[in-house]
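Open the structure in your viewer and keep the sequence panel in sight. Each stop below gives a selection to make and then says what is there.

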Amino acid sequence: MDIDENVRTGRHCVFRMHVHLVFVTKYRHKVFADRHLTRCEEIMRAVCEDFEAELVEFNGENNHVHLLVNFPPKVAVSKLVNSIKGVSSRRLRQEFPDLVRHYWRAQRLWSGSYFAGSVGGAPLSIVKQYIEQQNRPL
């Protein structure tokens, strides 16, 4: 069986799972410059590696970041998100004292909420059609 180069394998599974994540700064404060986002990407990439996930793409603006993460099925997205947000918040506030002044009361960089959307593969209509057309036994 030929395996697509983007397909990963585990001990008992073959998978290709991606999630699009968006994190917004607390109070939507515009706090990031390019140097902050560059370091943020490095931190988030390292956290993903700890989860055996891959940060495929990263970018952001002054008050939010977008991530595209390829992750294994054994990883709960919520646990991955909590770790990425917690570690990046702590390290960025330690390394960039200028960020701390925006959050002197909150002691948090990120808003408590986030966006997570599954991405990749065939469109839902095609998957639905494929499932509907299976040869169900009588």
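The tour goes through a predicted model, from strands to core to salt bridges.

**Stop 1: strand S3**

Select residues 18-25, which form strand S3. Of the eight residues in S3, six are buried, so the strand is mostly covered by the definition of buried as under 20% relative accessible area. Now add residues 64-70, strand S5. S3 and S5 run antiparallel and are joined by seven bridges. To see the pairing, pick Leu-21 and find Leu-67 of S5 opposite. Then pick Val-24, which stands opposite His-64 in S5.

Next, add residues 110-119, strand S6. S3 pairs with S6 as well, again in the antiparallel sense and over seven bridges. Here Val-22 is the residue to click: Phe-115 in S6 stands opposite.

**Stop 2: the hairpin of S4 and S5**

Select residues 54-60, strand S4, and keep S5 on display. How many residues lie between S4 and S5 in their hairpin? There are three residues between the two strands. S4 and S5 are antiparallel, with six bridges between them. Click Phe-58 and look across to Leu-67 in S5, which stands opposite. Leu-67 is also the residue found opposite Leu-21. Like S3, strand S5 is mostly covered; five of the seven residues of S5 are buried.

**Stop 3: Asn-70**

Stay on strand S5 and select Asn-70. Is Asn-70 buried or exposed? Asn-70 counts as buried because its relative accessibility is 5%, and the cut-off for buried is under 20%. Show the side chain of Arg-8 too: a polar contact of 3.3 Å joins it to the side chain of Asn-70. Leaving aside residues up to four places away in sequence, Asn-70 also touches Met-17, His-18, Ala-53, Glu-54 and Val-56.

**Stop 4: the nonpolar core**

Now select Phe-23, Met-44, Val-65, Leu-67 and Val-69. These are the residues with the most contacts inside the largest nonpolar core, which has 29 residues. Two or more core residues come from each of S3, H1, S4, S5 and helix H2 (77-95). Which element gives the largest share of this core? The answer is H1, with six residues.

Keep Val-65 and hide the other four. Not counting residues up to four places away in sequence, Val-65 touches ten residues that can be shown in turn, including Leu-21, Val-22 and Phe-23. Others among them are Phe-32, Leu-37, Met-44, Phe-58 and Trp-110.

**Stop 5: two loop residues with positive phi**

Select Arg-28, in the loop between S3 and helix H1 (34-50). Arg-28 is not a glycine, yet its phi is positive, at about 60°. Its relative accessibility is 46%, so Arg-28 counts as partly exposed.

Then select Glu-52, in the loop between H1 and S4. Glu-52 is not a glycine either, and its phi is also positive, at about 60°. Glu-52 counts as partly exposed because its relative accessibility is 45%.

**Stop 6: salt bridges**

The whole structure has five salt bridges; the tour visits some of them.

Leave Glu-52 selected and add Lys-74. The side chains of Lys-74 and Glu-52 meet in a salt bridge of 3.1 Å, N to O. Lys-74 is in the loop between S5 and H2, and Glu-52 in the loop between H1 and S4, so this pair ties together parts that are 22 residues apart in sequence. Lys-74 counts as exposed, because its relative accessibility is 62%.

Move on to Asp-98 and Arg-35. Asp-98 forms a salt bridge with Arg-35, and the closest N and O atoms are 3.0 Å apart. The pair links distant parts of the chain, with Asp-98 in helix H3 (residues 97-100) and Arg-35 in helix H1, 63 residues apart. Asp-98 is partly exposed at 26% relative accessibility, and Arg-35 is partly exposed at 47%.

Finish on helix H1 with Glu-42 and Arg-39. Their side chains meet in a salt bridge of 3.1 Å, N to O. Why are Glu-42 and Arg-39 separated by about one helical turn? Because they are three residues apart in helix H1. Glu-42 is partly exposed at 43%, and Arg-39 is partly exposed at 23%.

Terms used
Residues are numbered from 1 along each chain as its sequence is written. This is a predicted model: local features need pLDDT of at least 70, side-chain atom pairs count only at pLDDT 80 or more; totals for chains, interfaces and linings use all residues. Side-chain values use heavy atoms; hydrogens and water are left out. Helices (H or I, at least four residues) and strands (E, at least two) are DSSP runs, numbered from the N terminus. Buried means under 20% relative accessible area, exposed over 50%, partly exposed in between (1.4 Å probe, protein chains only). A nonpolar core is a set of buried Ala, Val, Leu, Ile, Met, Phe, Trp, Tyr and Cys residues joined through side-chain atoms within 4.5 Å. Contact means heavy atoms within 4.5 Å. Two strands pair if DSSP finds at least two bridges between them. A polar contact is a pair of N or O atoms within 3.5 Å; within protein, one must be able to donate a hydrogen and the other to accept it, and residues adjacent in sequence count only if both atoms are side-chain atoms. A salt bridge is a side-chain nitrogen of Lys or Arg within 4 Å of a carboxyl oxygen of Asp or Glu.
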